[in-house]
Amino acid sequence: MPRFQRPTGTQDILPEEQPYWNRVRTFAIQLAERAGFERIDVPIFEATELFARGIGTATDVVEKEMYTFEDKGGDSLTLRPEFTAGVVRAYIEHGMHVRPQPVKLYSIGPIFRYDRPQAGRYRQFHQFNLEILGTQDPAADLEIMLLVWDLYEGLGFRGLSFQLNSTGCPRCRPGYVEVLKAYYQQHIAEICDDCRRRLQTNPLRVLDCKAEQCQPIIAAAPAIGDHLCEECADHFATLREYLDLLGKPYTLNHRLVRGLDYYTKTVFEVWAAGIGAQAAVCGGGRYDGLAEILGGPPTPGVGVAAGIERIILVMKAQGVEVPTPPGPLAFIAHLGPEARREGVRLADELRRAGLSVWLAFGERGLKSQMREANKRRARYAVILGEDELARGVAAVRDMGAGEQVEVPLEGLVTWLRERASL
RNA sequence: GUGGGUGUGGCCUAAGGGUUAAGGCACCUGGUUGUGGCCCAGGAGAUUGUGGGUUCGAGUCCCACCACUCACCCCA
């Protein structure tokens with residue numbers, strides 16, 4: 001017999017981990033809906049071409065990280081490596097431009113990227129995603145940023161930092177890239193091999209190189225902020241004004257470029273300590289050209305993706321407590337065939353009454369059943385024996401206080417219900 | 001794709017090249033007739049990641065593969 005293991009980079013989220021997931025999911029959804037976002041679920045796989053066109057063929061995500069396969073009909077499909085392309089596709093496909101604009105959408109679910117796993121990185125991971133489609137108002141960028149800010153703050157995070165930059169638009173960015181390339185040509189002998197390669201394939205990326213020798217070059221490099229067109233500069237200035245107005249701290253980081261082709265104007269990340277080399281707990285920005293690239297009407301958009309695994313890592317690193325789910329209200333123990341039948345019936349009755357009940361399985365001694373009741377953290381053990389049955393009662397033991405009383409079977413639902421709400 | 005570290009029951013850990021791989025946690029059953037938590041006793045559970053090699057003899061040494069892990073690239 002083969003012994004199976006989970007595929008590399010995937011994880012089993014065990015019951016004891018679920019409280020963390022529930023906390024993050026419910027809180028994120030609550031914040032999104034409070035801000036007027038509506039949920040959209042898009043397929044876990046899409047046409048490969050959607051991602052190739054949307055994200056950009058020269059990006060790492062498309063070049064080497066996609067789970068691509070051919071289905072039996074011969075179509076090339078890809079497990080989604082992000083939400084944005086699929087959400088924008090859905091916006092176009094369902095003519096959502098006829099709805100009141102902008103449309104605010106959130107999604108939550110698994111994302112797939114073929115990559116070498118490490119701390120805070122998986123091949124199947126989960127994102128909480130927000131998109132605002134149909135407005136260029138910097139206030140939309142702000143809302144996106146505020147929402148993730150509130151998410152982290154509300155979860156109890158400390159030591160967060162907002163990294164903010166503008167990468168310009170198709171009008172101003174090419175000019176900046178030329179300036180940057182010209183500057184780097186003067187220092188071509190001093191930079192690392194990777195940067196020489198980046199200069200050809202994806203020039204902006206030289207700015208976030210971590211090689212020692214490149215640091216002085218980056219520090220003195222021309223900043224894109226000085227080369228934005230008027231529209232981009234205004235947009236950026238307004239966004240910063242709003243952030244200042246609300247007293248939200250952020251770091252202007254002209255080295256922040258991000259790896260997806262579709263970003264225009266605003267880009268940002270939130271960094272947190274305690275999750276290894278991966279500092280970013282979320283990343284996002286504006287993508288005003290994406291809808292058109294995907295064959296839809298020109299539609300500005302801005303969004304963010306937050307990595308849930310990384311959020312949970314930070315929660316654990318920072319000691320954020322999550323409520324552990326309570327044990328059952330009642331644990332039903334029984335002795336003898338007669339009592340067992342009554343136990344089965346009683347468990348059903350109590351559950352139908354809305355009470356949480358664990359019924360002991362098997363034919364075992366009372367000691368064993370009481371041990372189990374204790375381990376399952378039941379509040380009350382309902383003990384059914386021959387004696388009790390004959391008199392139409394159950395012995396009910398308060399597992400916390402260690403006190404025991406007899407309760408008539410007909411009155412048990414009421415008795416327990418009264419105490420359930422305490 | 002590249003580099004480092006690590007692989008012993010479900011989990012944690014022990015075993016200086018030499019008998020039936022040891023212990024703790026967790027699990028199960030008992031400790032006088034039907035009562036949990038503490039304690040005590042017992043039980044089940046491992047072909048030491050896989051496959052080769054060296055050796056009279058390998059959990060221990062060597063090689064390969066696999067997995068996990070950390071880091072690079074990049075990203076959530």
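Trainee: As I understand the terms, helix angles under 35 degrees are called roughly parallel, those over 145 roughly antiparallel, those from 65 to 115 roughly perpendicular, and the rest oblique. At roughly what angle do the axes of α5 and α9 cross?

Mentor: This is a predicted model. In it, the axes of α5 and helix α9 (residues 230–245) cross at roughly 45 degrees and come within 9 Å. The two helices are therefore oblique to each other.

Trainee: What is the hand of the crossing where α5 passes α9?

Mentor: The crossing of α5 past α9 is right-handed.

Trainee: Which residues in α5 and α9 meet?

Mentor: From α5, Pro138, Ala139, Asp141, Leu142 and Met145 take part, and they meet His235, Thr238, Leu239, Tyr242 and Leu243 of α9. By class, this contact of α5 with α9 has 7 nonpolar residues, 2 polar and 1 charged.

Trainee: And α1, at what angle does that helix pack with α5?

Mentor: Helix α1 packs with α5 (residues 138–155) at about 140 degrees, the axes being 10 Å apart. That angle makes α1 oblique to α5. The crossing of these two helices is right-handed.

Trainee: Which residues make that contact?

Mentor: On the α1 side they are Arg23, Val24, Phe27, Ala28, Leu31, Ala32 and Arg34, and on the α5 side Leu147, Asp150, Leu151, Gly154 and Leu155. The contact of α1 with α5 comprises 8 nonpolar, 1 polar and 3 charged residues.

Trainee: How are α1 and α11 placed, parallel or perpendicular?

Mentor: The axes of α1 (residues 18–34) and α11 (residues 308–317) cross at roughly 115 degrees and come within 10 Å. Angles of 65 to 115 degrees count as roughly perpendicular, and α1 and α11 are therefore described in that way. Helix α1 passes α11 in a right-handed crossing.

Trainee: What residues of α1 and α11 make the contact?

Mentor: Helix α1 contributes Tyr20, Trp21, Arg23 and Val24, while α11 contributes Ile308, Glu309, Ile311, Ile312, Met315 and Lys316. This contact of α1 with α11 has 7 nonpolar residues, 3 charged and no polar ones. Arg23 and Val24 of α1 also appear in the contact with α5.

Trainee: Changing topic to the RNA, how many residues surround strand B?

Mentor: There are 48 residues around RNA strand B, and the closest are Arg113, Arg121, Arg205, Gly259 and Lys375. They divide into 20 charged, 15 polar and 13 nonpolar residues.

Trainee: What share of the strand's atoms within 4 Å of the protein belongs to sugar or phosphate?

Mentor: Sugar or phosphate accounts for 51% of those atoms of RNA strand B, and the rest belong to bases.

Trainee: Which side chain has an N or O atom 2.2 Å from a phosphate oxygen?

Mentor: That side chain belongs to Arg205. Arg258 also has a side-chain N or O atom 2.7 Å from a phosphate oxygen of RNA strand B. For Arg310, the partner is a base oxygen of the strand, 2.7 Å from an N or O atom of the side chain.

Trainee: Which elements give two or more residues to the surface near the strand?

Mentor: They are α3 (60–64), β6 (124–133), β10 (280–286), β11 (301–307), α13 (366–375) and α14 (386–391). Of these, α13 gives the most, with 7 residues.

Trainee: One last topic, the backbone. Where is there a cis peptide bond?

Mentor: A cis peptide bond joins Gln101 and Pro102, with omega about -5 degrees. Pro102 is located in the loop between α4 (84–93) and β5 (103–112).

Trainee: And which residue has a positive phi although it is not a glycine?

Mentor: Lys265 does, with phi about 55 degrees. Lys265 lies in strand β9 (residues 264–271). As background, most residues other than glycine have a negative phi, and most peptide bonds are trans.

Notes: Residues are numbered from 1 along each chain as its sequence is written. Chains are lettered from A and ligands numbered from 1 in the order in which they are written. This is a predicted model: local features need pLDDT of at least 70, side-chain atom pairs count only at pLDDT 80 or more; totals for chains, interfaces and linings use all residues. Side-chain values use heavy atoms; hydrogens and water are left out. A residue is near a molecule or strand if one of its heavy atoms lies within 4 Å of it. A polar contact is a pair of N or O atoms within 3.5 Å; within protein, one must be able to donate a hydrogen and the other to accept it, and residues adjacent in sequence count only if both atoms are side-chain atoms. Helices (H or I, at least four residues) and strands (E, at least two) are DSSP runs, numbered from the N terminus. Ala, Val, Leu, Ile, Met, Phe, Trp, Tyr, Cys and Pro count as nonpolar, Asp, Glu, Lys and Arg as charged, and the others, Gly among them, as polar. Axes are lines fitted to C-alpha atoms, for helices over the stretch in contact, and angles run from 0 to 180 degrees between N-to-C directions. A crossing is left-handed if the near helix is turned anticlockwise from the far one by less than a right angle, and right-handed if clockwise. Contact means heavy atoms within 4.5 Å.
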